[in-house]
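This report describes charged pairs, backbone features and nonpolar cores in one protein chain. Please look at the sequence and the structure before reading on.

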Amino acid sequence: MDQAIVQDVVSEVMRRLGGRFGGDGASRGGVRAGETAPAEEPKRREALAHPHTVDYPAGQYGIFDKVEDAVAAATESQKKLAKLSLQDRDSIVKLIKAMAKENAREWGKMELDETKIGRLDHKIEKLQILELVPGVEFLRTDAYSGSNGVCLEEFAPFGVIGIITPVTHSVPTLSANAINMIASGNALVANPHPSGTRCAAHAVREYNKAIVQRYGIEHLITCILPPTLETAEALFQHRGVPLLVVTGGPQVARAALAAKKRAIVAGPGNPPVVVDETACLDNAAASIVKGAAYDNNLLCIGEKEVFCVESVFGTLMSKMGQNGAFVLTSEQIERLTKAAFKPGTDGKLHVNKDFVGRDASVLGGAAGVRVPPTVSLLVGETKFDHVFVQEEQMMPFVPFVRVKTVEEAMDRAIEAEHGYRHTALIHSRNVNTISKFGRRANVTLLVANGPSMAGLGLGGQGYLSYSIATPTGEGITTPLTFTRVRRVMMSGAMRMV
Ligand code: NAD
């Protein structure tokens, strides 16, 4: 093992063990292994609050403090990109992928240190697998040839695309968007989540430094610092930005859909899992643990609630325990619920952000139980109307609801998905049941007999993107998503046969 790996492993183990030694190693007030000492904390907080004034000067390598300046710089850079060959674009895309992979450990740690949500091993992996994001090879020209000549349909860029990225995968979403959008000839202006800004800005600077060195383009990917709701609104309104791509929760999805320009919206989900009596329960349990524990259940596609038929419910629960999950009692679930949800001014319960993306040991502490550090997921039986079933919790506790039949499981699953049309999962050996659920759920991503990440190419077939356009219907985004279709007609000529 090289020294960096040893250091990461030690940091991660310290972080997970923290909860066992009285203090909460992952707590917001505490100091994690690898973090700055208390004396340096004010300086670090200042740096996080005003990253652009500390070491990211505006106007260099894609960093801007005004939307107007960022759009102007991106517009100039896009014009330069348009003059390069397709092979050059391919090289830029490959450069971004290689840099993300090379820096995955450092950038993943930076993102975890800043956002304080998720898991280091998965933050690193989410950057390493960016090589699964498609590039220029997706831009295949369609050609029609006949007695009247030749017709070509090609994919033209929009120009400058405005993107909004979530705190759950700040650098991965920015990087995957950049790969797709540059492959199709666009430049970007990013308004990242305020809590995942520093890591995003760092990646933007590094990408631009490398691109300007080889291609003389300094601001192909731009980033607003500091990002605010006002800068997001300015981006939504800017006439030089013909397309918005928004990845986030219900509020920003609604805001983008109300914008007076085209928006591709990768919105929220609440992925249900159906388990029927024909399922391979060993595989179902292992898959649910793998998917729901991934980055502490921050993925929008991650398993959020399970509906299992009662004839196999007990067996599935015991297999969950055998696969690294910890089963909570109903009293422990209620203690956890009181901590993990808070009443809002609307009188409804809302997710307590202090628990989003935290380790299973932290959730266990709130439930009043000390879970072993090897446990990555908590589970337990609840009723259908439980808040953990109904809300997109984004934390490693998954409620299991007992149902009489697979029909009831499907009905409940579809209800819990709330019409987001995002992701649903099923474990069954009955092809008819899988087909029926697929048709009825009508989601963007249906995963059968595997963990949720298989749906994005991690252990499954297919390509990756961190922006899955749900209400607007573009699906798992690719370079083609960010193009205009342009037809070229050569009338009465060019037919060679
Ligand atoms: P969030 O909605 O809190 O923030 C997302 C982004 O939107 C941030 O950059 C935030 O600053 C911005 N934002 C929020 N309200 C806004 C408004 N009114 N106007 C303009 N900008 C606004 O979400 P999050 O916690 O960062 O991410 C988690 C959410 O994102 C979950 O709901 C998850 O399902 C969803 N998500 C979806 C996908 C997908 O591909 N469909 C991918 C990742 C995350």
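A salt bridge is a side-chain nitrogen of Lys or Arg within 4 Å of a carboxyl oxygen of Asp or Glu. The model discussed here is predicted.

**Salt bridges**

The structure holds 16 salt bridges. Three of them are set out in the table.

| Pair | Closest N to O distance | Location |
|---|---|---|
| Aspartate 295 and lysine 126 | 2.6 Å | loop between α12 and β10; helix α7 |
| Lysine 436 and glutamate 407 | 2.6 Å | helix α18; helix α17 |
| Arginine 412 and glutamate 415 | 3.8 Å | both in helix α17 |

Which parts does the bridge between aspartate 295 and lysine 126 tie together? Aspartate 295 is in the loop between α12 (281–293) and β10 (305–309), while lysine 126 belongs to helix α7 (residues 120–128), so the pair links parts that are 169 residues apart in sequence. Both aspartate 295 and lysine 126 are buried.

The bridge between lysine 436 and glutamate 407 has its N and O atoms 2.6 Å apart. Lysine 436 sits in helix α18 (residues 431–441) and glutamate 407 in helix α17 (residues 406–416), so this pair ties together parts that are 29 residues apart in sequence. Lysine 436 is partly exposed, at a relative accessible area of 32%, and glutamate 407 is partly exposed too, at 35%.

The third pair stays within one helix. For arginine 412 and glutamate 415, the closest N and O atoms are 3.8 Å apart, so the pair falls within the 4 Å limit for a salt bridge. These two residues of helix α17 are three residues apart, about one turn of the helix. Arginine 412 has a relative accessible area of 27% and is partly exposed; glutamate 415, at 46%, is also partly exposed. Elsewhere, salt bridges that share partners join Lys123, Lys126 and Asp295 into one network.

**Backbone features**

Most residues other than glycine have a negative phi, and most peptide bonds are trans. The following places depart from that pattern. Leucine 225 and proline 226 are joined by a cis peptide bond, with omega about -5°. Proline 226 is found in the loop between β6 (221–224) and α10 (229–237).

Asparagine 296 is not a glycine, yet its phi is positive, about 55°. The loop between α12 and β10 contains asparagine 296. With 2% relative accessibility, asparagine 296 counts as buried. Histidine 418, also not a glycine, has a positive phi of about 60°. Its place is the loop between α17 and β16 (423–427). Is histidine 418 buried or partly exposed? At 37% relative accessibility, histidine 418 counts as partly exposed.

**Nonpolar cores**

In soluble globular proteins, nonpolar side chains tend to be buried together. The largest nonpolar core in this model has 123 residues, and Leu316, Met320 and Phe400 have the most contacts inside it. Helix α8 (residues 170–183) gives the most to this core, contributing eight residues. The core draws at least three residues from each of domain 1 (3–266) and domain 2 (272–462).

Leaving aside residues up to four places away in sequence, phenylalanine 400 touches several residues, among them Ile288, Val306, Phe313, Leu316 and Met320. The contacts of phenylalanine 400 also include Gly380, Glu381 and Thr382. A second, separate core has 19 residues, including Ala367, Val371, Val387 and Met395.

Technical notes:
Residues numbered from 1 in each chain as written. Predicted model: local features only at pLDDT ≥ 70, side-chain atom pairs only at ≥ 80, totals over all residues. Heavy atoms only, no water. Helix = DSSP H or I, 4+ residues; strand = E, 2+ residues; numbered from the N terminus. Buried < 20%, exposed > 50% of the residue type's maximum accessible area, 1.4 Å probe, protein only. Core = buried A, V, L, I, M, F, W, Y, C linked by side-chain atoms within 4.5 Å. Domains from an automatic or database assignment. Contact = heavy atoms within 4.5 Å.
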